[in-house]
Amino acid sequence: MEGGAMPISFAGQAIVITGAGGGLGRAYALEIARRGGKVVVNDLGGATDGVPGGESSAFADKVVDEIRAAGGTAVANYDSVASQAGGDAIIACALENFGRIDAVIANAGTIRYGAFEDLTLDDLNALLAVHVGGSWSVAHAAWPHMKAQGYGRLVFTTSSGGTLGNASLAAYGAAKGAVMGLMHNLAEAGAPHGILCNAMMPNAMSRMTIDIKPGELGENRWSAAMPQYFDPAYTAGLATFLASSACTSHHGIYSMLGGRLGRAFIGICDGHAQDTPMDAETIAANWATINDDQGGYAIPANNTDEFRIVAEQRGVTPPALA
Ligand code: NAI
């Protein structure tokens with residue numbers, strides 16, 4: 001508990017973790033169960049690229065066995081997150097076994113990478129279904145229960161491929177970017193009901209990343225230089241915190257990389273403003289100012305907040321609400 005304070009407990013709580021039969025999800029499940037949480041270990045047990053065939057209940061069963069052997073409480077679920085019926089069944093599993101649902105960690109995922117010209121719309125749709133569809137389906141099923149109890153934690157999994165970009169991850173990055181968009185919106189919709197939504201950008205060695213050959217994704221030579229920080233345990237602490245009642249903030253994206261945890265955010269430069277429409281030449285003349293992130297920028301809390309910030313900069317006062 002380096003630098004920690006009060007121990008964080010999940011006693012009396014039920015937590016769904018999707019894709020928890022291996023890699024990062026397994027680490028989250030073990031850590032939350034160790035802290036008294038009753039865990040639904042969901043995993044379809046499919047291939048890393050998500051191509052159907054060979055699905056196996058062994059993934060989830062093995063992690064449930066590990067949790068039970070350590071004295072914890074867990075049940076397995078094998079539904080796919082990639083449909084609403086699957087999401088409904090996963091949350092129903094928590095309700096049937098534990099009588100409640102307090103937190104959802106949407107972690108299940110698959111990956112396809114390559115040059116943009118080699119990826120297809122089918123690749124994109126498959127990844128959208130599991131990443132953003134799979135976050136949507138479980139959140140949607142848990143939502144009415146969380147709303148009714150005035151409490152919930154939604155932890156989504158985005159990626160630097162989606163938030164920052166990578167030349168070989170067009171389909172995966174688009175799907176992970178969509179997860180970030182869903183988080184921004186559910187954070188706003190959920191907060192009035194005590195449902196706090198945040199997202200993680202993990203970086204860990206798992207079956208998803210272990211087969212990537214050096215040079216295939218540009219980041220590999222960096223991770224090769226500091227492999228000791230890529231144990232899933234590094235991200236497990238973040239997932240545990242965001243899924244717990246100790247986390248009281250929302251709308252955040254957190255990057256765990258190389259042992260460093262920090263918030264990622266979208267800032268908008270103060271830029272150039274004027275009282276007549278900007279033509280292309282004016283934009284060209286002011287391009288450096290428009291792009292100047294050293295000259296001041298704002299981090300809007302939500303889309304309305306960007307209006308407030310700019311109105312203040314422009315000296316405009318909004319009309320009073322009726
Ligand atoms: P992993 O492949 O070990 O884990 C993903 C799990 O999701 C697998 O056990 C798989 O069977 C399960 N799964 C796949 N499709 C499913 C579906 N439709 N329904 C239910 N379960 C399904 O990979 P890893 O690395 O543990 O990935 C976990 C999450 O973290 C993924 O969302 C991934 O995209 C994300 N991520 C991982 C990074 C890394 O460096 N490992 C970096 C950024 C994001």
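These legends describe close-up views of a predicted model. Residues are numbered from 1 along each chain as its sequence is written, and side-chain values use heavy atoms, with hydrogens and water left out. As the model is predicted, local features need pLDDT of at least 70 and side-chain atom pairs count only at pLDDT 80 or more, while totals for chains, interfaces and linings use all residues.

**View 1. The two domains.** The domain assignment splits the protein into domain 1 (14-264) and domain 2 (268-314). These bounds come from an automatic or database domain assignment. The C-alpha centres of domain 1 and domain 2 lie 35 Å apart.

**View 2. Residues and polar contacts around the ligand.** The ligand has 30 residues around it; a residue is near a molecule if one of its heavy atoms lies within 4 Å of it. D43, N107, Y172, S206 and R207 come nearest. Three polar contacts are listed here (pairs of N or O atoms within 3.5 Å; within protein, one atom must be able to donate a hydrogen and the other to accept it, and residues adjacent in sequence count only if both atoms are side-chain atoms).
- D43: a polar side-chain atom lies 2.5 Å from a ligand oxygen.
- V81: a backbone N or O atom lies 3.1 Å from a ligand nitrogen.
- K176: an N or O atom of the side chain is 2.9 Å from a ligand oxygen.

On its own, the ligand has 820 Å² of accessible area, and the protein covers 96% of that. Accessible areas come from the Shrake-Rupley method with a 1.4 Å probe; for residues, only the protein chains shown count as cover.

**View 3. Helices in the ligand shell.** Four elements give two or more residues each to the shell: α1 (23-34), α4 (121-149), α6 (170-190) and α7 (207-210). The largest share, three residues, comes from α7. Helices are DSSP runs (H or I, at least four residues) and strands are runs of E (at least two), numbered from the N terminus.

**View 4. A salt bridge between α1 and α2.** The whole structure holds eight salt bridges. A salt bridge is a side-chain nitrogen of Lys or Arg within 4 Å of a carboxyl oxygen of Asp or Glu. E66 pairs with R26, with the closest N and O atoms 2.8 Å apart. E66 lies in helix α2 (residues 58-69) and R26 in helix α1, so the pair ties together parts that are 40 residues apart in sequence. E66 is partly exposed at 24% relative accessibility. R26 is partly exposed at 29%. The cut-offs are under 20% relative accessible area for buried, over 50% for exposed, and in between for partly exposed (1.4 Å probe, protein chains only).

**View 5. A salt bridge within α1.** E31 and R34 form a salt bridge, their closest N and O atoms being 3.0 Å apart. They are about one helical turn apart because three residues separate their positions in helix α1. E31 is buried, at 17% relative accessible area. R34 is exposed, at 58%.

**View 6. A salt bridge at R314.** The side chains of R314 and D275 meet in a salt bridge (2.6 Å, N to O). R314 follows α12 (303-313) and D275 sits in the loop between β9 (268-269) and α10 (280-285), so the pair ties together parts 39 residues apart in sequence. R314 is partly exposed, at 36%. D275 is exposed, at 73%.
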